[in-house]
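Q: Could you show me how to read strand pairing, helix geometry and burial from a set of coordinates, beginning with the strands?

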Amino acid sequence: FLTGISMSAIATNGVVPAGGSYFMISRSLGPEFGGAVGILFYTATTVAAAMYIIGAVEIFLTYMAPMLSIFGDFSKDPSIMYNNFRVYGTILLWVMCTIVSIGVAFVSKFAAVALACVIGSIIAILVGIFYNINGSDKLQMCFLGARLVSQVDNCTREIGGDLWNIYCTMENGTVTQNINECDPYFATHNVSTRPAIVGLASGVFTSNLGSHFMEKGQIVADTNSPDDYESLNN
């Protein structure tokens, strides 16, 4: 609150020239502090731009248009998504560089578009919360017993399936055909699918307010039993 008042006082005492926030920092704290903060501000903005580009490409390909993936199905091979990042990220970066090179006045014209996108995203989140307050069956998760299994297309225990290849691979790399030679957890638990979006009415929001820290290598499970969340190597 005090920071907002201070910035308002500086901005209203005169015209803020090029530099924006850096100008106000340097005039408030002096050129020494302003220079140090300016370097960090420039570095952070540069890194943030790269993160924004990657995030935009990931959201676009994962949730909006996965069919536009240039190098195939990225859900089966993570390196495919990295190649998509390189191609789409480079294109998006050149578009941004073109807009910026035209001039700051032209960039400021996109402020309203950016604000509309942000407001639209916030509204979509709020609408989605109440629209799916009782959950949704459109997206399903695969569970083995109490363990969450990710990135499997075939959520069954059939021989040669995704789960079978995960839990029934021997130390020498061969896949056994005998379930008794598989991981004991796989042999003694059934698989099931559950809705990934359970909604606020399920009480999952309040149950996640507390801390649930895990150790490296532990498996995500919906119980507090060590038999469910301990690593396969244990």
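A: Let us begin with one strand residue: Cys142 stands opposite Val149 in E2, and in E3 the bridge partner of Cys142 is Thr193. Please keep in mind that this is a predicted model.

Q: In which sense do E1 and E3 pair, and over how many bridges?
A: As a general idea, side chains in a regular strand alternate between the two faces of the sheet. In this case, strand E1 (residues 136-144) and strand E3 (residues 191-197) are paired in the antiparallel sense over six bridges, while E1 pairs with strand E2 (residues 147-149), also in the antiparallel sense, over three bridges. Two residues lie between the strands in the hairpin of E1 and E2, where Gly145 takes a positive phi near 65°.

Q: What should helix H4 span, and how far apart are its end C-alpha atoms?
A: At 1.5 Å a residue, the 25 residues of H4 (residues 78-102) should span 36 Å, and the end C-alpha atoms are 36 Å apart, which agrees. Just after H4, Gly103 has a positive phi of about 145°.

Q: Which residues of H4 are buried, and what do they pack against?
A: In general, an α-helix has 3.6 residues a turn, so residues three or four places apart point the same way. Here Ile80, Met81, Asn84, Phe85 and Gly89 are buried, and the buried residues of H4 pack against helix H3 (31-64).

Q: Is Ser69, in the loop between H3 and H4, buried or exposed?
A: Ser69 is buried because its relative accessible area is 12%, and buried means under 20%. Ser69 touches Leu61, Phe74, Ile80 and Asn84, not counting residues up to four places away in sequence, and a polar atom of its side chain lies 2.6 Å from the backbone oxygen of Gly72.

Conventions: Residues are numbered from 1 along each chain as its sequence is written. This is a predicted model: local features need pLDDT of at least 70, side-chain atom pairs count only at pLDDT 80 or more; totals for chains, interfaces and linings use all residues. Side-chain values use heavy atoms; hydrogens and water are left out. Helices (H or I, at least four residues) and strands (E, at least two) are DSSP runs, numbered from the N terminus. The expected span of a helix is 1.5 Å times one less than its number of residues. Buried means under 20% relative accessible area, exposed over 50%, partly exposed in between (1.4 Å probe, protein chains only). Contact means heavy atoms within 4.5 Å. Two strands pair if DSSP finds at least two bridges between them. A polar contact is a pair of N or O atoms within 3.5 Å; within protein, one must be able to donate a hydrogen and the other to accept it, and residues adjacent in sequence count only if both atoms are side-chain atoms.
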